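Me: I should like to examine how certain structural terms are justified for this protein. Please take the terms one at a time and set each against its criterion.

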Amino acid sequence: MSNELEPIIRKIEKRSMARPGRVVVPIDQKTGKALSEAGMFERAQWVLKDVIFYEINVKESFDVNNARAAIAVFLTNERSDIEFRIRVRARPESAAGIAEALHDRELTPSEVLFKTIKNHLGALLEQSAKEGPASDIERISSNKRQWQAEIERVIAAKLKLDVDIIFVIPQPIIDTDVPIRVTAVPVTPNDAQHTEFPITVSVILARAQARAEDALPRADEERKRLIRDVVTKAFRDRLSLYQYWFRPGDVRNELAKALVEILARYAYSLKSLTIDPVEPPVSSEEQISDDVSWTGRLGRPIPFHIETRVRLLPTGAGIYHARKLPNRKEWIKAEVHAALQSAMHGRDFIDLTATAESEVHNTVHRRLNEQALSIGHDVDTFVASAGIPEKMWLKPVTIGIERREYKTKNDLVPAEFEIDLVVELPSLAPLEHLIQADKQKRVNDARDGANMSIRAAVVESATRAAARAMSQIEPSDYFSKYERWEMPVDDVPETGQQNYVRNQLVRAIRAELKTDFGINYCKVNPRRVDSRVAAIIRFLQSIGDINIDVDAVPSDSEGPHEVPKIKFVYFIGSVAPDQWATVIQRGEKPIPVDQLKTNLLDWSRAALRDRSTRELYGLASLQSSNLIVRKQVEDYVAQQASYHFGVVIGIKSINFERTKQDEVDGQINALPTLEREAQLKNLQRAIERFGNESDDETRIKYLRSRQEVLRGLIEKNPREEAEDFARLGRHETELNKIDGELQSTRRGHAKESILALGRPEKPAESEPAAPGSEEVKQPRDTSL
């Protein structure tokens, strides 16, 4: 029997065979216990016993390499040959225990040691086998440090040896994580049986907590074949070409399901799955914008502009690939052209109303969707718009007609206005002759079609109607009855005044446009410009206010001293509505300003003649009773100005210059005030002289307070010690000084005497009489 531990412990027949420096332990082979060597008596008893000696090396450690333990796990029926390395050390104090523990009649010490390791490791494997399907090697690998430490503790406890054990783990037959990569696997999607497509898949397998039905193939090629078969079958049964191209998430999910189902039999799970990106030959949808030309019966090409989004159906990728992936843009153009042949049958560009164009659009869209299914697509959005420039007239179009002069019944007084139009045609049929004529001469940009010619025709029709209507209008009506200002500017009420000039223009232009072009929607807004009128208005504004001074002699005046001078400020409002025609004929400066001022003076005098003083003074008052006179004067002057100059004039303000009599009466009325003013000045001068006395009040209060304090101190002085008398003298001296200062500051009686000088000597008299009274009071004596 071999004993790998012989360098540490060996059996010897007698003590004399022991090597120097070793510890010898006698063991009773019958009991397995160490014998005592304490005395001669104990040693004499050895003769009666079967004694064996163990030589133990307590100075050195020893390594055992390539040690093995054959272990069979009942639960998994797995047999493993576990290799390990061990380092053994014996301590001197443990020598007897080591000999007893390693003694065996049949086994060597090394066999006892290895048996102990085998038994405990087997127990650990039996216990861990209940936790999962891993192999013995995998379980030892995952619990290596923990189990090594536990076995070292067991040996120390049972065999009294200090050991370091290390399990030697070979490369496992199957790793815990198994990476597998298969490249360019040819797969056939379930909707594209006519061809194959490559796919590259990378997986990592992990042991699952389950029982294995079969062992995972060990050879790398066998594992790859397993993955290829799963991927190929999953595409054939579950995945489409659309998913292969555009939905990698779907592909991954389906492959993951298929792999999980297969790997379960091997007690493995799918830890990760990666699919290399696939570059599809086409996009899943495409936005297409192009023009498709169509020519109708009138021989004019009509470009139909199409905007569409073509989308590959999830079930159509196989069909599209089988059709050799036709170019979508070319396919759309060809299908639209074919659809237009049907949709435009019996129609031409002049027939394309908004409704007709919508019908064409729907027809083409419907056909496109039907045909798109044949290549696995649908038309998600579609817009087909006929490129007819004249189509703009089927929607509201704004036209501005610049200002022009239109003759009224009086050729010398033309009207001048602009016209804003908003027109909309129900169809292009009324414009066919214009469009065809424009096609022959084509003086404008073909991209704009006949729009310039149409616009010119509309303008000519509207101005013709306006000229005809204005030729029947009196100039005075044009300026005075143009419109109702409260009426909306773009409409004429059904139940309103129809004789206003503006309303007549609107009706005439609408009727003309409806006759010429069949327009059923039209807004007309004529706006007066009248540059001559503007020049006249600017001239009138430049005149500004006109000041007129009138010496008005009252009917009850007693002489020149009672004649007031009245100052009128006149303003020119505008031209009188019924005088515009006359004023315009006079030119841009129809009023001689100097003549107007002279006339205003004459008219003002005439309006004020034979009026009493009370009436004249009432002109400047805003009381209702006085406004009557003011209105009479204003009406008279305005009537004369309108008749002679054709303008509206009003009174802006009226002021008076005082008469001599008013000045004298005012001075008399002011005498009481002058008297009071003189008294006030005298009083102020007196207060200024004695004003400084008010500053002594604070000082007097302080002196009186200090005076009371000193009197109290003098009264309470005990007058016993020399210091008391000294203090008494100081207090009396200070009190005498304060009494003298108070006497010199008492001057209040002088101030009262001076203030009395400002009081009046006798009561104030009654208010003086108003100017013009018979008696005037003399002013009081204001001297002091």
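Me: What is the order of the strands in the open sheet that includes E17, and what is the sense of the pairing?

Reply: In this predicted model, the strand order is E16-E17-E18 and the pairing is antiparallel. From one strand to the next, the twist averages 25 degrees.

Me: What makes E16 and E18 edge strands?

Reply: Strand E16 (546–551) and strand E18 (647–657) each pair on one side only.

Me: How do you know that E16 and E17 are paired?

Reply: Pairing requires at least two bridges between the strands. E16 and strand E17 (residues 565–575) have 6 bridges, in the antiparallel sense, so they qualify as a pair. Asp549 stands opposite Lys567 in E17.

Me: Which helices lie across E16, E17 and E18?

Reply: Helix H16 (residues 531–543) does so, running at about 165 degrees to E17. Helix H18 (residues 593–608) also lies across these strands, at about 40 degrees to E16.

Me: Why is H3 called oblique to H5?

Reply: The axes of helix H3 (residues 109–129) and helix H5 (residues 144–159) come within 10 Å and cross at roughly 135 degrees. Roughly perpendicular covers 65 to 115 degrees and roughly antiparallel begins over 145. The angle of roughly 135 degrees falls in neither range, and therefore H3 is oblique to H5. The crossing is right-handed.

Me: What is the make-up of the contact of H3 with H5?

Reply: Its residues divide into 11 nonpolar, 3 polar and 2 charged. On the H3 side they include Val112, Leu113 and His120, and on the H5 side Trp147, Glu150 and Lys158 are among them.

Me: Why do E4 and E6 count as edges of their sheet?

Reply: The order of this open sheet of 3 strands is E4-E5-E6, with antiparallel pairing. Strand E4 (62–73) and E6 each have a single partner strand, so one side of each has no neighbour in the sheet. The twist averages 30 degrees from one strand to the next.

Me: How do you know that E5 pairs with both E4 and E6?

Reply: The criterion is again at least two bridges. There are 10 bridges between E4 and E5, and 7 between strand E5 (residues 78–89) and E6, so both pairs meet the criterion. Ile71 has Ser80 in E5 as its bridge partner, while Phe84 stands opposite Phe167 in E6.

Me: Which residues form the covered face of E6?

Reply: In strand E6 (residues 162–168), the covered face consists of Val163, Ile165 and Phe167. Asp162, Asp164, Ile166 and Val168 form the uncovered face. H5 lies across E5 and E6, at about 150 degrees to E6.

Key. Residues numbered from 1 in each chain as written. Predicted model: local features only at pLDDT ≥ 70, side-chain atom pairs only at ≥ 80, totals over all residues. Heavy atoms only, no water. Axes fitted to C-alpha atoms, helices over the stretch in contact; angles between N-to-C directions. Helix = DSSP H or I, 4+ residues; strand = E, 2+ residues; numbered from the N terminus. Parallel < 35°, antiparallel > 145°, perpendicular 65-115°, else oblique. Left-handed = near helix turned anticlockwise from the far one by under 90°. Contact = heavy atoms within 4.5 Å. Nonpolar A, V, L, I, M, F, W, Y, C, P; charged D, E, K, R; others polar. Buried < 20%, exposed > 50% of the residue type's maximum accessible area, 1.4 Å probe, protein only.
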